[in-house]
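Q: This structure is new to me. Please take a close look at one strand and the parts around it.

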Amino acid sequence: MPRRKGAPEVNAGSMADIAFLLLIFFLVTTTIETDSGLDRMLPPIEPPTEEPPVIKEKNIFTVNINKNGQLLVEEKIMDIKNLREAAIAFLDNGGAAQGSPEYCNYCKGKRDITSSDNPNKAIISLKNDRETKYSTYITVQNELVGAYNDLRNREAQRLYNQDFVKMEAEYLNPETPKDTRDELKDKVRRIQELFPQKLSEAETSN
Amino acid sequence: MAKFAKKKDGDLPAVSTASLPDIVFMLLFFFMTVTTMKDSSIMVENNLPTANQTKKLEKKDRIIYIFAGKPTREYQNVYGTETRIQLNDKFANVNDVGSYILEERAKKPQELQNVLTTALKVDSEANMGLISDIKLELRKVNALKVNYTTSEGDAFNNLN
(Lines give C-alpha, C1' and ligand atoms only; values in the text may rest on other atoms or scores of the structure.)
Protein backbone atom coordinates (compact mmCIF):
# COMPACT_ATOMS: atom_id res chain seq x y z
CA MET A 1 0.00 0.00 0.00
CA PRO A 2 1.48 3.32 -0.97
CA ARG A 3 2.03 5.62 1.93
CA ARG A 4 0.53 9.06 1.74
CA LYS A 5 3.27 11.65 1.32
CA GLY A 6 3.16 15.37 1.86
CA ALA A 7 3.74 17.73 -1.03
CA PRO A 8 6.92 16.75 -2.86
CA GLU A 9 9.93 18.86 -1.95
CA VAL A 10 10.88 21.47 -4.49
CA ASN A 11 14.40 21.01 -5.71
CA ALA A 12 16.33 24.02 -4.58
CA GLY A 13 19.59 22.98 -6.17
CA SER A 14 19.47 25.63 -8.86
CA MET A 15 18.85 28.42 -6.40
CA ALA A 16 22.58 28.84 -5.92
CA ASP A 17 23.08 29.23 -9.67
CA ILE A 18 20.44 31.93 -9.86
CA ALA A 19 21.99 33.81 -6.96
CA PHE A 20 25.44 33.53 -8.49
CA LEU A 21 24.11 34.92 -11.72
CA LEU A 22 22.68 37.94 -9.90
CA LEU A 23 25.90 38.38 -7.95
CA ILE A 24 28.01 38.39 -11.08
CA PHE A 25 25.63 40.81 -12.77
CA PHE A 26 26.00 43.30 -9.91
CA LEU A 27 29.76 42.83 -9.75
CA VAL A 28 30.05 43.73 -13.41
CA THR A 29 27.70 46.69 -13.55
CA THR A 30 28.75 48.49 -10.39
CA THR A 31 31.85 50.21 -9.15
CA ILE A 32 33.07 50.65 -5.63
CA GLU A 33 32.75 54.32 -4.74
CA THR A 34 36.23 55.83 -4.51
CA ASP A 35 35.57 59.46 -5.22
CA SER A 36 37.70 61.88 -3.31
CA GLY A 37 39.72 64.83 -4.40
CA LEU A 38 40.96 68.33 -3.82
CA ASP A 39 38.16 70.83 -3.28
CA ARG A 40 38.69 74.26 -4.76
CA MET A 41 36.62 77.38 -5.24
CA LEU A 42 37.02 79.21 -8.51
CA PRO A 43 37.02 83.00 -8.37
CA PRO A 44 33.83 84.61 -9.69
CA ILE A 45 34.18 86.68 -12.82
CA GLU A 46 34.55 90.26 -11.70
CA PRO A 47 32.70 93.06 -13.37
CA PRO A 48 35.29 94.83 -15.50
CA THR A 49 34.59 98.22 -13.95
CA GLU A 50 35.68 97.17 -10.51
CA GLU A 51 39.15 98.22 -9.41
CA PRO A 52 41.22 95.28 -8.21
CA PRO A 53 42.14 95.68 -4.55
CA VAL A 54 45.65 96.83 -3.80
CA ILE A 55 47.73 94.09 -2.21
CA LYS A 56 51.22 94.56 -0.92
CA GLU A 57 53.86 92.66 -2.81
CA LYS A 58 55.20 91.06 0.34
CA ASN A 59 51.83 89.47 1.09
CA ILE A 60 51.82 87.54 -2.15
CA PHE A 61 53.60 84.23 -2.54
CA THR A 62 53.96 83.55 -6.24
CA VAL A 63 54.26 80.04 -7.59
CA ASN A 64 54.87 79.59 -11.31
CA ILE A 65 54.87 76.21 -13.01
CA ASN A 66 56.41 76.02 -16.46
CA LYS A 67 55.65 73.48 -19.16
CA ASN A 68 58.41 71.14 -18.03
CA GLY A 69 56.99 71.01 -14.53
CA GLN A 70 59.67 73.20 -12.96
CA LEU A 71 58.73 75.62 -10.23
CA LEU A 72 59.57 79.25 -9.85
CA VAL A 73 58.69 80.31 -6.33
CA GLU A 74 59.16 83.94 -5.35
CA GLU A 75 61.47 84.42 -8.37
CA LYS A 76 63.67 81.46 -7.41
CA ILE A 77 63.77 77.96 -8.83
CA MET A 78 62.61 75.47 -6.25
CA ASP A 79 62.25 71.72 -6.02
CA ILE A 80 58.65 70.64 -5.62
CA LYS A 81 59.56 68.72 -2.45
CA ASN A 82 60.48 71.95 -0.66
CA LEU A 83 57.34 73.78 -1.67
CA ARG A 84 55.25 72.85 1.34
CA GLU A 85 57.92 74.03 3.76
CA ALA A 86 58.33 77.33 1.92
CA ALA A 87 54.58 77.90 1.85
CA ILE A 88 54.31 77.19 5.59
CA ALA A 89 57.15 79.61 6.31
CA PHE A 90 55.38 82.28 4.28
CA LEU A 91 51.90 81.79 5.77
CA ASP A 92 53.09 81.46 9.33
CA ASN A 93 55.48 84.41 9.13
CA GLY A 94 53.42 87.04 10.97
CA GLY A 95 55.64 89.95 10.01
CA ALA A 96 53.48 92.77 11.41
CA ALA A 97 55.00 94.46 14.42
CA GLN A 98 53.70 93.74 17.90
CA GLY A 99 51.02 96.26 18.85
CA SER A 100 49.86 96.91 15.31
CA PRO A 101 46.30 95.78 14.49
CA GLU A 102 47.61 93.14 12.14
CA TYR A 103 49.84 91.50 14.71
CA CYS A 104 49.49 87.71 14.66
CA ASN A 105 49.75 86.26 18.14
CA TYR A 106 49.59 82.59 17.18
CA CYS A 107 52.17 82.65 14.42
CA LYS A 108 55.38 80.80 15.06
CA GLY A 109 57.28 81.96 12.01
CA LYS A 110 60.39 84.11 11.68
CA ARG A 111 58.47 87.43 11.82
CA ASP A 112 60.42 88.63 8.84
CA ILE A 113 59.15 92.08 7.86
CA THR A 114 59.83 91.42 4.18
CA SER A 115 57.39 88.50 4.15
CA SER A 116 53.66 88.24 4.92
CA ASP A 117 52.09 90.40 7.66
CA ASN A 118 49.41 88.06 8.86
CA PRO A 119 47.90 84.75 7.70
CA ASN A 120 44.70 86.70 6.94
CA LYS A 121 46.58 88.84 4.45
CA ALA A 122 48.80 86.17 2.94
CA ILE A 123 47.83 85.14 -0.55
CA ILE A 124 49.31 82.36 -2.59
CA SER A 125 49.19 83.06 -6.28
CA LEU A 126 49.48 80.06 -8.55
CA LYS A 127 50.22 80.42 -12.24
CA ASN A 128 50.74 77.73 -14.78
CA ASP A 129 51.56 77.32 -18.42
CA ARG A 130 49.06 75.91 -20.90
CA GLU A 131 51.36 72.98 -21.46
CA THR A 132 51.90 72.15 -17.81
CA LYS A 133 50.93 68.57 -17.13
CA TYR A 134 47.78 68.13 -15.08
CA SER A 135 49.50 65.70 -12.71
CA THR A 136 52.20 68.27 -11.88
CA TYR A 137 49.56 70.85 -11.22
CA ILE A 138 47.74 68.47 -8.87
CA THR A 139 50.99 67.78 -7.01
CA VAL A 140 51.52 71.51 -6.50
CA GLN A 141 47.90 72.00 -5.40
CA ASN A 142 48.27 69.07 -3.05
CA GLU A 143 51.39 70.55 -1.46
CA LEU A 144 49.79 73.96 -1.03
CA VAL A 145 46.65 72.48 0.52
CA GLY A 146 48.99 70.37 2.63
CA ALA A 147 50.71 73.52 3.90
CA TYR A 148 47.37 74.97 5.02
CA ASN A 149 46.34 71.66 6.57
CA ASP A 150 49.61 71.37 8.50
CA LEU A 151 49.16 74.84 9.99
CA ARG A 152 45.50 74.25 10.77
CA ASN A 153 46.33 70.93 12.39
CA ARG A 154 48.86 72.69 14.59
CA GLU A 155 46.32 75.25 15.75
CA ALA A 156 43.62 72.62 16.24
CA GLN A 157 46.01 70.57 18.35
CA ARG A 158 46.79 73.63 20.44
CA LEU A 159 43.16 74.67 20.95
CA TYR A 160 41.22 71.40 20.91
CA ASN A 161 43.84 68.61 21.08
CA GLN A 162 42.59 67.23 17.79
CA ASP A 163 43.68 67.20 14.19
CA PHE A 164 41.86 69.72 12.02
CA VAL A 165 41.64 67.30 9.11
CA LYS A 166 39.90 64.75 11.30
CA MET A 167 37.52 67.35 12.74
CA GLU A 168 36.61 68.58 9.29
CA ALA A 169 36.06 65.08 7.92
CA GLU A 170 33.77 64.32 10.83
CA TYR A 171 31.95 67.59 10.35
CA LEU A 172 31.37 66.91 6.67
CA ASN A 173 30.35 63.29 7.16
CA PRO A 174 26.55 63.11 6.89
CA GLU A 175 26.47 60.18 9.30
CA THR A 176 27.75 62.23 12.23
CA PRO A 177 24.94 63.04 14.69
CA LYS A 178 23.61 66.55 14.37
CA ASP A 179 24.58 67.88 17.78
CA THR A 180 28.18 66.73 17.34
CA ARG A 181 28.22 68.45 13.99
CA ASP A 182 26.90 71.72 15.39
CA GLU A 183 29.58 71.64 18.02
CA LEU A 184 32.28 70.96 15.46
CA LYS A 185 31.02 73.68 13.16
CA ASP A 186 32.20 76.53 15.37
CA LYS A 187 35.55 74.92 15.99
CA VAL A 188 36.15 74.24 12.30
CA ARG A 189 35.12 77.81 11.43
CA ARG A 190 37.44 79.24 14.03
CA ILE A 191 40.46 77.32 12.78
CA GLN A 192 39.60 78.24 9.21
CA GLU A 193 39.57 81.88 10.18
CA LEU A 194 43.02 81.61 11.73
CA PHE A 195 44.47 80.35 8.45
CA PRO A 196 42.04 81.21 5.66
CA GLN A 197 42.78 79.49 2.37
CA LYS A 198 43.61 82.28 -0.01
CA LEU A 199 44.82 80.57 -3.11
CA SER A 200 44.45 82.62 -6.21
CA GLU A 201 44.68 81.04 -9.62
CA ALA A 202 45.36 83.54 -12.29
CA GLU A 203 44.45 82.79 -15.86
CA THR A 204 47.03 80.79 -17.68
CA SER A 205 49.89 82.56 -19.32
CA ASN A 206 50.91 81.43 -22.73
CA MET B 1 10.40 -6.05 13.85
CA ALA B 2 12.31 -4.54 11.05
CA LYS B 3 11.51 -1.08 12.13
CA PHE B 4 15.16 -0.12 12.49
CA ALA B 5 16.36 -1.76 9.36
CA LYS B 6 18.66 -0.53 6.62
CA LYS B 7 20.59 2.35 7.96
CA LYS B 8 24.01 1.40 6.77
CA ASP B 9 24.57 1.17 3.12
CA GLY B 10 28.17 2.27 3.43
CA ASP B 11 27.89 5.54 1.47
CA LEU B 12 28.93 8.86 2.92
CA PRO B 13 25.96 11.15 3.33
CA ALA B 14 25.98 14.01 0.81
CA VAL B 15 27.00 17.39 2.20
CA SER B 16 23.98 19.56 2.35
CA THR B 17 24.19 22.49 -0.03
CA ALA B 18 20.94 23.96 1.11
CA SER B 19 22.66 26.94 2.74
CA LEU B 20 24.70 27.80 -0.33
CA PRO B 21 22.04 30.14 -1.75
CA ASP B 22 21.95 31.96 1.55
CA ILE B 23 25.67 32.51 1.48
CA VAL B 24 25.59 33.75 -2.09
CA PHE B 25 22.66 36.03 -1.36
CA MET B 26 24.59 37.48 1.52
CA LEU B 27 27.48 38.25 -0.83
CA LEU B 28 25.05 39.69 -3.32
CA PHE B 29 23.53 42.06 -0.79
CA PHE B 30 26.96 43.07 0.40
CA PHE B 31 27.98 44.10 -3.09
CA MET B 32 24.66 45.77 -3.77
CA THR B 33 25.07 48.01 -0.74
CA VAL B 34 28.73 48.98 -1.06
CA THR B 35 28.75 49.67 -4.78
CA THR B 36 26.98 52.10 -7.02
CA MET B 37 25.76 51.75 -10.56
CA LYS B 38 28.05 52.90 -13.31
CA ASP B 39 26.06 55.65 -14.89
CA SER B 40 28.20 56.40 -17.87
CA SER B 41 30.86 54.43 -19.61
CA ILE B 42 34.12 56.27 -19.80
CA MET B 43 35.34 56.82 -23.31
CA VAL B 44 38.57 58.57 -22.38
CA GLU B 45 41.65 57.33 -20.62
CA ASN B 46 41.23 58.15 -17.00
CA ASN B 47 44.32 57.58 -14.88
CA LEU B 48 43.64 59.99 -12.08
CA PRO B 49 46.65 61.64 -10.45
CA THR B 50 47.31 60.80 -6.81
CA ALA B 51 47.03 63.17 -3.87
CA ASN B 52 46.85 62.77 -0.12
CA GLN B 53 45.26 66.00 1.12
CA THR B 54 41.89 65.00 -0.25
CA LYS B 55 38.34 65.32 0.90
CA LYS B 56 35.65 62.77 0.23
CA LEU B 57 32.81 63.64 -2.11
CA GLU B 58 29.97 62.63 0.15
CA LYS B 59 26.69 63.20 -1.63
CA LYS B 60 26.44 61.74 -5.07
CA ASP B 61 23.32 63.64 -6.05
CA ARG B 62 25.14 66.97 -5.76
CA ILE B 63 27.89 66.21 -8.21
CA ILE B 64 28.25 66.93 -11.89
CA TYR B 65 31.01 64.99 -13.57
CA ILE B 66 33.29 66.18 -16.34
CA PHE B 67 35.77 63.72 -17.80
CA ALA B 68 38.79 64.62 -19.86
CA GLY B 69 41.63 62.67 -21.36
CA LYS B 70 42.79 60.93 -24.50
CA PRO B 71 40.08 58.90 -26.23
CA THR B 72 40.47 55.20 -25.54
CA ARG B 73 41.79 52.97 -28.30
CA GLU B 74 38.43 52.08 -29.82
CA TYR B 75 37.58 55.74 -30.34
CA GLN B 76 41.00 56.86 -31.52
CA ASN B 77 40.31 56.29 -35.23
CA VAL B 78 37.38 58.64 -35.07
CA TYR B 79 38.42 61.20 -32.50
CA GLY B 80 42.20 61.14 -32.68
CA THR B 81 44.62 61.09 -29.77
CA GLU B 82 44.29 64.68 -28.64
CA THR B 83 42.87 65.21 -25.14
CA ARG B 84 39.08 65.48 -25.30
CA ILE B 85 36.28 66.34 -22.94
CA GLN B 86 33.57 63.80 -22.27
CA LEU B 87 30.21 64.98 -21.01
CA ASN B 88 27.71 62.25 -20.19
CA ASP B 89 28.15 59.75 -23.01
CA LYS B 90 29.64 61.83 -25.74
CA PHE B 91 32.71 63.83 -26.63
CA ALA B 92 32.29 67.56 -26.46
CA ASN B 93 34.01 70.85 -27.10
CA VAL B 94 35.05 73.34 -24.49
CA ASN B 95 32.19 75.68 -25.32
CA ASP B 96 29.64 72.92 -24.63
CA VAL B 97 30.68 72.76 -20.98
CA GLY B 98 28.67 75.80 -19.93
CA SER B 99 25.39 74.63 -21.39
CA TYR B 100 25.98 71.12 -20.06
CA ILE B 101 26.39 72.48 -16.54
CA LEU B 102 23.25 74.58 -16.84
CA GLU B 103 21.32 71.60 -18.18
CA GLU B 104 22.48 69.30 -15.39
CA ARG B 105 21.79 71.97 -12.83
CA ALA B 106 18.24 72.39 -14.07
CA LYS B 107 17.65 68.66 -13.63
CA LYS B 108 18.49 68.75 -9.93
CA PRO B 109 15.93 69.62 -7.30
CA GLN B 110 15.65 73.29 -6.46
CA GLU B 111 17.21 73.09 -3.02
CA LEU B 112 20.37 71.45 -4.36
CA GLN B 113 20.97 73.82 -7.22
CA ASN B 114 23.15 76.13 -5.20
CA VAL B 115 25.30 73.49 -3.56
CA LEU B 116 26.42 71.54 -6.60
CA THR B 117 30.03 70.51 -7.03
CA THR B 118 31.67 69.91 -10.36
CA ALA B 119 33.99 66.93 -10.21
CA LEU B 120 36.77 67.11 -12.76
CA LYS B 121 38.01 63.63 -13.56
CA VAL B 122 41.00 64.38 -15.67
CA ASP B 123 43.73 62.07 -16.90
CA SER B 124 47.21 62.72 -15.49
CA GLU B 125 48.62 63.23 -18.97
CA ALA B 126 46.27 66.06 -19.88
CA ASN B 127 47.61 69.57 -20.33
CA MET B 128 46.57 72.46 -18.15
CA GLY B 129 45.45 74.51 -21.15
CA LEU B 130 42.31 72.45 -21.51
CA ILE B 131 41.66 72.54 -17.79
CA SER B 132 42.03 76.31 -17.74
CA ASP B 133 39.49 76.55 -20.56
CA ILE B 134 37.07 74.33 -18.64
CA LYS B 135 37.59 76.40 -15.53
CA LEU B 136 36.87 79.59 -17.42
CA GLU B 137 33.64 78.07 -18.78
CA LEU B 138 32.66 77.02 -15.28
CA ARG B 139 33.24 80.51 -14.00
CA LYS B 140 31.06 81.91 -16.75
CA VAL B 141 28.08 79.84 -15.57
CA ASN B 142 28.92 80.49 -11.94
CA ALA B 143 29.69 76.86 -11.07
CA LEU B 144 32.52 77.79 -8.76
CA LYS B 145 32.82 74.76 -6.55
CA VAL B 146 35.10 72.26 -8.19
CA ASN B 147 36.72 69.08 -7.05
CA TYR B 148 39.79 67.74 -8.78
CA THR B 149 39.07 64.07 -8.34
CA THR B 150 42.20 62.11 -7.50
CA SER B 151 43.06 58.69 -6.26
CA GLU B 152 44.58 58.25 -2.86
CA GLY B 153 48.38 58.12 -2.75
CA ASP B 154 51.55 60.11 -2.41
CA ALA B 155 51.41 63.20 -4.60
CA PHE B 156 55.04 62.87 -5.63
CA ASN B 157 54.19 59.68 -7.53
CA ASN B 158 52.72 61.96 -10.19
CA LEU B 159 56.09 63.34 -11.12
CA ASN B 160 57.56 60.11 -12.46
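A: What follows starts at one strand of chain A and works outward to the partner chain.

The model is predicted: local features need pLDDT of at least 70, side-chain atom pairs count only at pLDDT 80 or more, and totals for chains, interfaces and linings use all residues. Residues are numbered from 1 along each chain as its sequence is written, and chains are lettered from A and ligands numbered from 1 in the order in which they are written.

Start with strand S3 of chain A, residues 60–65. Strands (E, at least two residues) and helices (H or I, at least four) are DSSP runs numbered from the N terminus. Side chains alternate along S3(A). Phe61(A), Val63(A) and Ile65(A) point to one face and are buried. Ile60(A), Thr62(A) and Asn64(A) point to the other face and are not buried. Buried means 20 or more other C-beta atoms within 10 Å of the residue's own; 12 or fewer is exposed, in between is partly exposed, and C-beta atoms are placed from the backbone.

S3(A) belongs to an open sheet of 5 strands in chain A. The order is S5-S4-S3-S6-S7, and the pairing is mixed. Two strands pair if DSSP finds at least two bridges between them. The edges are S5(A), residues 76–78, and S7(A), residues 199–201. Each of these pairs on one side only. On average, neighbouring strands of the sheet are turned by 30° against each other, direction ignored.

Now take the two neighbours of S3(A) in turn. On one side is S6(A), residues 123–128, which pairs with S3(A) in the parallel sense over 6 bridges. Val63(A) stands opposite Leu126(A) there. Helix H2(A), residues 83–91, packs on the sheet and touches S3, S4, S5 and S6 of chain A. Its direction makes about 15° with that of S4(A). Such axes are lines fitted to C-alpha atoms, for helices over the stretch in contact, and angles run from 0 to 180 degrees between N-to-C directions.

Ile65(A) faces a partner in each neighbouring strand: Asn128(A) in S6(A) and Leu71(A) in S4(A). S4(A) pairs with S3(A) in the antiparallel sense, over 3 bridges. The two form a hairpin with 5 residues between the strands. Gly69(A) in that hairpin takes a positive phi near 80°.

Next comes the core. The largest nonpolar core has 46 residues. A nonpolar core is a set of buried Ala, Val, Leu, Ile, Met, Phe, Trp, Tyr and Cys residues joined through C-beta atoms within 7 Å. Ala87(A) and Ile66(B) touch the most other members. Helix H3(A), residues 134–160, gives the most to this core, with 9 residues. Leaving out residues up to four places away in sequence, Ala87(A) touches Phe61(A), Ile124(A), Leu144(A) and Ala147(A). Phe61(A) leads back to S3(A), where it is one of the buried residues.

Move to chain B. It has 4 helices and 8 strands. Along the sequence the pattern is α-β-β-β-β-α-β-β-α-β-α-β. Buried residues make up 28% of its 160 residues. S4(B), residues 63–69, is mostly covered, with 5 of its 7 residues buried. S4(B) pairs with S7(B) in the parallel sense over 6 bridges. Tyr65(B) stands opposite Ala119(B) in that pair. S4(B) also runs antiparallel to S5(B), residues 84–87, joined by 3 bridges. In S5(B), Arg84(B) is the bridge partner of Gly69(B).

Where do the chains meet? The contact takes 53 residues from chain B and 50 residues from chain A. Two residues are in contact if their C-beta atoms, placed from the backbone, lie within 7 Å. Elements of chain B that give two or more residues to its side include H1 (20–34), S7 (117–122) and S8 (145–152). H1(B) gives the largest share, 9 residues. The chain B side divides into 26 nonpolar, 16 polar and 11 charged residues. Here Ala, Val, Leu, Ile, Met, Phe, Trp, Tyr, Cys and Pro count as nonpolar, Asp, Glu, Lys and Arg as charged, and the others, Gly among them, as polar.

Strands also join across the chains. S2(A), residues 36–41, runs antiparallel to S8(B), with 6 bridges between them. Leu38(A) stands opposite Tyr148(B) in S8(B).
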